[in-house]
Amino acid sequence: MNFADSEIVNAIMMEQGCKPAKSPEEAEIVFINTCSIRDNAERKVWDRLKYFRSVKKNKEGDFTVGVLGCMAERVREKFLEREKLVDLVVGPDAYREIPKLLMEVEDGRKAVNVILSQEETYADLAPVRVTGNGVTAFVSIMRGCDNMCAFCVVPFTRGRERSRPMESILHEIRQLSQEGYKEVTVLGQNVNSYNDNGTSFAELMYQASQVDPEMRIRFSTSHPKDFPDELLHVIAEQPNVCNYIHIPAQSGNTEVLERMRRPYTREQYLTLIDRMREIIPGVSLSTDIITGFCGETDEQHKDTVSLMKEVRYDLAYMFAYSERERTFAHRKFEDDVPEKVKKARLTEIINQQMDIQADINREEIGKRHLVLVEGTSKRSDDQLAGRTDTNKMVIFDRQDYQKGQYVEVLIKDANSATLFAEPIRVSSIAQFHEEPVTA
Ligand code: SAH
Ligand code: SF4
């Protein structure tokens, strides 16, 4: 989400005649787009600011430092009072004000705007993608969140949920297709509650899939409380809507889910997973899990372990609970699971998940996939990296293949994170679905 937000800020700055600099050392203005989701995300920002302080010291000429995003909203006073380096603080709904705020800074004042909006979606601003790979892009379709999960700071830092009009989303996707992009991930905190004057997320996804049949469409994130069958059918029926769903469980224990204010039970969640697999055979699934939430007992943790074993996720993002100020959990519960226990539970689920992923990925050996090449592999310039429709990273020898191509590959080897393949031929979504070559 921050990646997408930074692209909106790029658009605003470039409209002012600014150009992207290669490094903070070369820049006159540096913005740091921040995240408050867990304490360690915030710690990284404080470290980065320390680094900017040293850049400023060694620099002649102007150096304006701005803090953008969720932390701006959450800890603005601390930035301005304690962190003398910071000149401006801008919350996630106030990016349009940046040029005006920069003028205040030029006048020698500190500038702040952290006002949250009920309407702002930046719908009319065309994001400028400077740091991407030119193949895959994020498109933000909603802002804010109304779900108020007990552990989560997002509703406080990003404000009320609002949907961007469908026409402006489709316009952006059309534009991306014309620019040669091959994959779009549409983003929202809970895309299932997308609502543009009655237009649902399933309808938006269907319309998005019709823009360009050779453009892959992904989405993130879905809340398990309101996942409609209609969306599962769009995924199953449209070849360019990827067979991959990120469906965070958070916990495998119904009482913990209740305390987390996640309105579904373990059983309802598992029924939803069955439904997904029934309507979309072979669908790839991922989750987010929190260990050591307030009051979580060993038994309750074991339910998370067993849920993950039962579902067998293709991928999981796992975190130790980090208490956030203002949240329901902070106000009502005690953060009573010792850090050591949180971490031990986290290690346990990570280890189990790595084993599951290694097994699942080994089952891919001998299968064919259509890989969208995103660029050179991190390991070697002689290899390319891309993802399958099911969101698995694949590496293969470069030969004459290129970034941005769809390549049909045969999987030869696998570990818990990556598939290794032999490329067969350049293909397309249509070709791969219509005339698959048999092994
Ligand atoms: N809107 C998305 C999640 C956004 S935050 C959703 O509801 O799925 C991404 C993930 O961070 C969450 O799913 C949760 O697993 C984790 N997270 C959020 N708050 C956290 C906290 N206080 N401590 C630890 N992890 C947290
Ligand atoms: Fe946070 Fe819950 Fe909203 Fe996700 S749905 S952003 S976890 S409050």
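Which atom of Ser 322 lies 2.7 Å from a nitrogen atom of ligand 1? The partner is a backbone N or O atom of Ser 322. The model is predicted. The points below cover the surroundings of ligand 1 and the packing of helix α9 with helix α11.

**Polar contacts of ligand 1**
- The backbone of Ser 322 supplies the N or O atom that is 2.7 Å from a nitrogen atom of the ligand.
- Phe 151 also takes part through its backbone, with a polar atom 3.0 Å from a nitrogen atom of ligand 1.
- Arg 38 uses its side chain, where an N or O atom is 2.9 Å from an oxygen atom of ligand 1.

**Cover and shell of ligand 1**
- On its own, ligand 1 has 560 Å² of accessible area, and the protein covers 90% of this.
- Two elements, β11 (284–291) and β12 (315–320), each give two or more residues to the shell.
- The ligand has 15 residues around it, and those that come nearest are Arg 38, Gln 189, Gln 250, Asp 288 and Ser 322.
- Sorted by class, the shell consists of seven nonpolar, four polar and four charged residues.

**Packing of α9 with α11**
- Helix α9 spans residues 229–237 and helix α11 spans residues 266–279.
- Their axes are 9 Å apart and the angle between the helices is about 35°.
- The crossing of α9 past α11 is right-handed.
- On the α9 side, Asp 229, Leu 232, His 233 and Ala 236 make the contact, and they meet Arg 275, Met 276 and Ile 279 of α11.
- This contact has four nonpolar, one polar and two charged residues.

Terms used. Residues are numbered from 1 along each chain as its sequence is written. Chains are lettered from A and ligands numbered from 1 in the order in which they are written. This is a predicted model: local features need pLDDT of at least 70, side-chain atom pairs count only at pLDDT 80 or more; totals for chains, interfaces and linings use all residues. Side-chain values use heavy atoms; hydrogens and water are left out. A residue is near a molecule or strand if one of its heavy atoms lies within 4 Å of it. A polar contact is a pair of N or O atoms within 3.5 Å; within protein, one must be able to donate a hydrogen and the other to accept it, and residues adjacent in sequence count only if both atoms are side-chain atoms. Accessible areas come from the Shrake-Rupley method with a 1.4 Å probe; for residues, only the protein chains shown count as cover. Helices (H or I, at least four residues) and strands (E, at least two) are DSSP runs, numbered from the N terminus. Ala, Val, Leu, Ile, Met, Phe, Trp, Tyr, Cys and Pro count as nonpolar, Asp, Glu, Lys and Arg as charged, and the others, Gly among them, as polar. Axes are lines fitted to C-alpha atoms, for helices over the stretch in contact, and angles run from 0 to 180 degrees between N-to-C directions. A crossing is left-handed if the near helix is turned anticlockwise from the far one by less than a right angle, and right-handed if clockwise. Contact means heavy atoms within 4.5 Å.
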